[in-house]
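Grab a pencil and work through these exercises with the structure open beside you. Try each task before you read its solution.

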Amino acid sequence: MVTTLSVGDSVPDFALTDQHGEIIRLSDLTGSPVVVYFYPKAGTTKCTQQACDFRDNFDALSGAGVTVLGISLDQPRELAIFGEEQQVPYSLLSDSGATAMEWGAWGERPVAGIAGTGVIRSSFIVDAAGKLSYVAYDVDPDGHVQALRSQLGV
């Protein structure tokens, strides 16, 4: 069942494999802010734009103690190729779809102009206490990372 999260909610924990084969647990990152973003498919135009925008802002975000995590349904090997091609310096996580559903980042969305179901491009800021301080569904990647930086004061 897909739920929708709101500012102030405690976040559902996850343990997902990244592009290097490491397990990343959100609960291990408590104590500092985390940006979690869901994207439909590595290597597609908008997803590459989004990943590269986070890459280009990574130094400012990480310098302020912010961890960035990107989540898609891509397998770790695909994520490794994508991460290497785009020089992504943060963790790209592989999800079966269960985490996207728990976070409300799953549902009806157009796929190649045809109605379909899948990952909805979404972004969240998890504060140091594990509560949501920012929630955005149906994100347009244009200027979105800058909006997140403003929200974080970075």
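**Exercise 1: the cysteines**

Is cysteine 47 buried or exposed? Then find out how many disulfides the structure holds.

*Solution.* Keep in mind that you're working with a predicted model.

Step 1. Check the accessibility: cysteine 47 has 0% relative accessibility, so it counts as buried.

Step 2. Do the same for cysteine 52. At 12% relative accessibility, cysteine 52 is buried because the cut-off is under 20%.

Step 3. Look for a bonding partner. The closest cysteine sulfur to that of cysteine 47 belongs to cysteine 52, but it sits 11 Å away, too far for a bond. A disulfide needs the two sulfurs within 2.5 Å.

Step 4. Give the count: searching the whole structure turns up 0 disulfides.

**Exercise 2: a helix and its neighbours**

Work out which residues of helix H3 are buried and what they pack against.

*Solution.* Step 1. Find H3 at residues 76-86; its buried residues are Leu79, Ala80, Phe82, Gly83 and Gln86.

Step 2. Recall the helix rule. An α-helix has 3.6 residues a turn, so residues three or four places apart point the same way.

Step 3. See what the buried residues meet: they pack against helix H1 (45-56), strand S4 (67-72) and strand S5 (91-94).

Step 4. Zoom in on one residue of H1, threonine 48. Setting aside neighbours within four places in sequence, threonine 48 is in contact with Gly43, Phe82 and Gln86. With 16% relative accessibility, threonine 48 counts as buried.

Step 5. Step off the end of the helix: glutamine 87 follows H3 and has a positive phi, near 55°.

**Exercise 3: a hairpin**

How do strands S8 and S9 pair, and over how many bridges?

*Solution.* Step 1. Locate S8 at residues 122-126 and S9 at residues 132-137; they pair in the antiparallel sense over 5 bridges.

Step 2. Pick one bridge: serine 122 has tyrosine 137 in S9 as its partner.

Step 3. Look between the strands. The hairpin has 5 residues there, and glycine 130 takes a positive phi near 85°.

**Exercise 4: the largest nonpolar core**

Which members of the largest nonpolar core touch the most other members?

*Solution.* Step 1. Go through the 22 residues of this core: Tyr37, Tyr39, Phe54, Tyr90 and Leu92 touch the most other members.

Step 2. Ask where the core comes from. Strand S3 (34-38), H1, helix H2 (58-63), H3, S9 and helix H5 (144-152) each supply at least two residues. H1 gives the largest share, 3 residues.

Step 3. Follow one member: tyrosine 37 touches residues including Phe54, Tyr90, Leu92 and Ser122.

Step 4. Don't miss the second, separate core of 20 residues, which includes Val11, Phe14, Ala105 and Trp106.

**Exercise 5: aromatic pairs**

Classify two pairs: phenylalanine 38 with tryptophan 103, and phenylalanine 54 with tyrosine 90.

*Solution.* Step 1. For phenylalanine 38 and tryptophan 103, the centres are 6.0 Å apart with 50° between the planes, and the pair is tilted. This pair links distant parts of the chain, 65 residues apart. Both phenylalanine 38 and tryptophan 103 are buried.

Step 2. For phenylalanine 54 and tyrosine 90, the centres are 6.2 Å apart and the planes are at 70°, so the pair is edge-to-face. Phenylalanine 54 lies in helix H1 and tyrosine 90 in the loop between H3 and S5, 36 residues apart.

Step 3. Place the tilted pair in its group: Phe14, Phe38, Trp103, Phe124 and Tyr137 form one aromatic cluster.

Note on methods: Residues are numbered from 1 along each chain as its sequence is written. This is a predicted model: local features need pLDDT of at least 70, side-chain atom pairs count only at pLDDT 80 or more; totals for chains, interfaces and linings use all residues. Side-chain values use heavy atoms; hydrogens and water are left out. Buried means under 20% relative accessible area, exposed over 50%, partly exposed in between (1.4 Å probe, protein chains only). Two strands pair if DSSP finds at least two bridges between them. Helices (H or I, at least four residues) and strands (E, at least two) are DSSP runs, numbered from the N terminus. Contact means heavy atoms within 4.5 Å. A nonpolar core is a set of buried Ala, Val, Leu, Ile, Met, Phe, Trp, Tyr and Cys residues joined through side-chain atoms within 4.5 Å. Rings of Phe, Tyr and Trp (its six-membered ring) pair if their centres lie within 6.5 Å; planes under 30 degrees apart count as stacked, over 60 as edge-to-face and the rest as tilted.
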